[in-house]
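Reader: I should like to learn how the labels given to parts of a protein structure are justified. Would you take me through the reasoning, one label after another?

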Amino acid sequence: MPINYTNPIPSLIGAFLAWKGFLLAIALGSSVGPAYDTSSTLLSPEILSSKESFFDLPTKLTRWDSIYLIQASRRGYLFEQEWAFGSGLPTVISSLAQVLSSFGIQAQPYLESVIGICIAHTSHLLSTLVLYKLGLVIWKNQRLSFVSALLHILSPAGLFLSAPYNESTYALLSFSGYLFLAKGLLGQKRTFAHDVSLVASGMWFGFATTFRSNGLLNGIPFATALVQELFTTPSLSSIRRCCALILGGLAVAAGFLIPQLAAYQTFCSAPSPNKLRPWCTHGLPSIYSFVQEHYWNVGFLRYWTPPNLPLFLLAMPMLYLLIKSGLEFIGQPLKLARETPIPANSSRQGTLIRAMASSQLILAVLAITNYHIQIITRISSGYPLWYWWLTGLITDSKNSTVGCNIVRFMVMYATIQGVLFASFLPPA
């Protein structure tokens, strides 16, 4: 079936199936050699050998962080360091496993892994379709929206969007949040339904934050829209709009705070102060911040060591895309609207685009200064702005060669990374 933006949904689904088939074939083919690490086989007590079989796809896709996520879905968070991983995916996997159990499906060694893989694929497909719709709402340009959605399919996150990882579901929830936010902010009228859309947007973002903590950055558009609203002439609709933005912003924060409160109840309610964990007595007692620093050595410039230089080099292309696109959109937020008339709500649209660009730039800066920098290639998959910027390059006759070369790099990176991931080799 030919890929054509005039027939968007079937074309996107066809491209998605072809790309996923290619990546899964790579994962299966990685069994030519033994896995670098055999931790995945420990998830199944029935496996007596650390050697993986050729068709053992669930094991090949359950690597690195996904081992923690699958274990948490089976018996909850048992060890303190496991709280570094968002509770969203383990909760969904555990709930679906219970539903299947109620239908008489017995628990199998790979059940949670298979559920996680199905969630990842479904989320990636749906996030592609939502990104297409989001592009239509913001840019009113079918071709731009279609190409951007295709780029999300080909994201350099690669197999991370097929494995039991948080990234694909985070992207779905984040794109859904931006879709509801755009509909609420950019509508020609300011009805009660538009304000409800803003609150719903905050809830989508809040759910996204339970999967990845960087979802907190999605609160920035609410703050900027609220500031803009405070400078308008007071009216009943503006008061209602401010309340909706505040509620939406609080929903985003709740996605991070609720798991922290659950951890506080677990670890900081001991009868004796001597039994309390160190972070319980902090001014802001966050288990997430403590665990990231104590167990994973995450902190300001902690990753800046000579052995990590190759990881910085691997992350540079993605960091360039995030920073370059973010800066250009802050300077010219409506740069992609040249093929369509300037909308009447261009001020609100510009504010929204600049807020999205700010979130993306902050993510890039945090990746450079605080994160394990190699993760930027996969967590960037949940940020729509750089897809639009790259589409602008591809569809511009003057810059199309550069844009196409970037896409070639994305495909090459995802292919090589797929081999390494399935073999339990870094970077992760």
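Reader: Why is C268 called buried?

Author: The model is a predicted one, and every value here is computed from it. C268 has a relative accessibility of 11%, and buried means under 20%, so C268 counts as buried. C280 has 7% relative accessibility and therefore also counts as buried.

Reader: What makes C268 and C280 a disulfide?

Author: Their sulfur atoms are 1.9 Å apart. The rule asks for a pair of cysteine sulfur atoms within 2.5 Å, so C268 and C280 meet it. By this rule the count comes to 1 disulfide.

Reader: Which parts does this pair tie together?

Author: C268 and C280 both lie in the loop between α10 and α11, so the link ties together parts that are 12 residues apart in sequence. With -80° about the S-S bond, the link is left-handed.

Reader: Why is C242 not counted in a disulfide?

Author: The closest cysteine sulfur to that of C242 is in C243, 7.0 Å away, which is too far for a bond. The cut-off is 2.5 Å. C242 is nevertheless buried, because its relative accessible area is 13% and the limit for that label is 20%.

Reader: Is C404 buried, partly exposed or exposed?

Author: The relative accessible area of C404 is 31%. Exposed would require over 50% and buried under 20%, so C404 is partly exposed.

Reader: What is found in the largest nonpolar core?

Author: This core has 83 residues, and those that touch the most other members are I138, W139, F329, I376, W386, W388 and L390. Helix α7, residues 167-186, gives the most to this core, with 11 residues. In soluble globular proteins, nonpolar side chains tend to be buried together.

Reader: Which residues does F329 touch?

Author: Leaving out residues up to four places away in sequence, F329 touches W139, K335, L336, I353, R354, A357, L385, W388 and W389. Apart from the largest core lies another, of 22 residues, including I117, I153, L159 and A428.

Reader: How is empty space in a structure found?

Author: Rolling a probe the size of a water molecule over the atoms shows where empty space is left. The largest pocket of this model has a volume of about 1,200 Å³. Its lining has 48 residues, of which A84, R212, Y288, Q292 and V298 are the closest to its centre.

Reader: Which helix supplies the largest share of that lining?

Author: The largest share comes from α11, with 5 residues. The elements that each supply at least two residues are α3 (65-75), α8 (192-211), α10 (236-267), α11 (287-294) and α14 (376-379). By class, the lining of the largest pocket divides into 26 nonpolar, 17 polar and 5 charged residues.

Reader: How many cavities does a search of the whole structure find?

Author: The search finds 4 cavities of 30 Å³ or more. The second largest has a volume of about 60 Å³, and the term cavity is used because the probe fits there but cannot get out.

Reader: What lines the second largest cavity?

Author: Its lining is made of P156, L314, P317, M318, L321, T377, F409, M410 and Y413. Two or more of these residues come from each of α12 (309-331) and α16 (400-422), and α12 gives the most, with 4 residues. The lining of this cavity has 8 nonpolar residues, 1 polar residue and no charged residues.

Definitions and conventions:
Residues are numbered from 1 along each chain as its sequence is written. This is a predicted model: local features need pLDDT of at least 70, side-chain atom pairs count only at pLDDT 80 or more; totals for chains, interfaces and linings use all residues. Side-chain values use heavy atoms; hydrogens and water are left out. On a 1 Å grid over the protein atoms alone, a cavity is a set of points where a 1.4 Å probe fits but cannot get out, and a pocket is an open set with protein on both sides within 12 Å along at least five of seven lines; lining residues have an atom within 4 Å of a point. Grid points are joined across faces, edges and corners, and a volume is the space filled by probe spheres set on the points. Ala, Val, Leu, Ile, Met, Phe, Trp, Tyr, Cys and Pro count as nonpolar, Asp, Glu, Lys and Arg as charged, and the others, Gly among them, as polar. Buried means under 20% relative accessible area, exposed over 50%, partly exposed in between (1.4 Å probe, protein chains only). A nonpolar core is a set of buried Ala, Val, Leu, Ile, Met, Phe, Trp, Tyr and Cys residues joined through side-chain atoms within 4.5 Å. Contact means heavy atoms within 4.5 Å.
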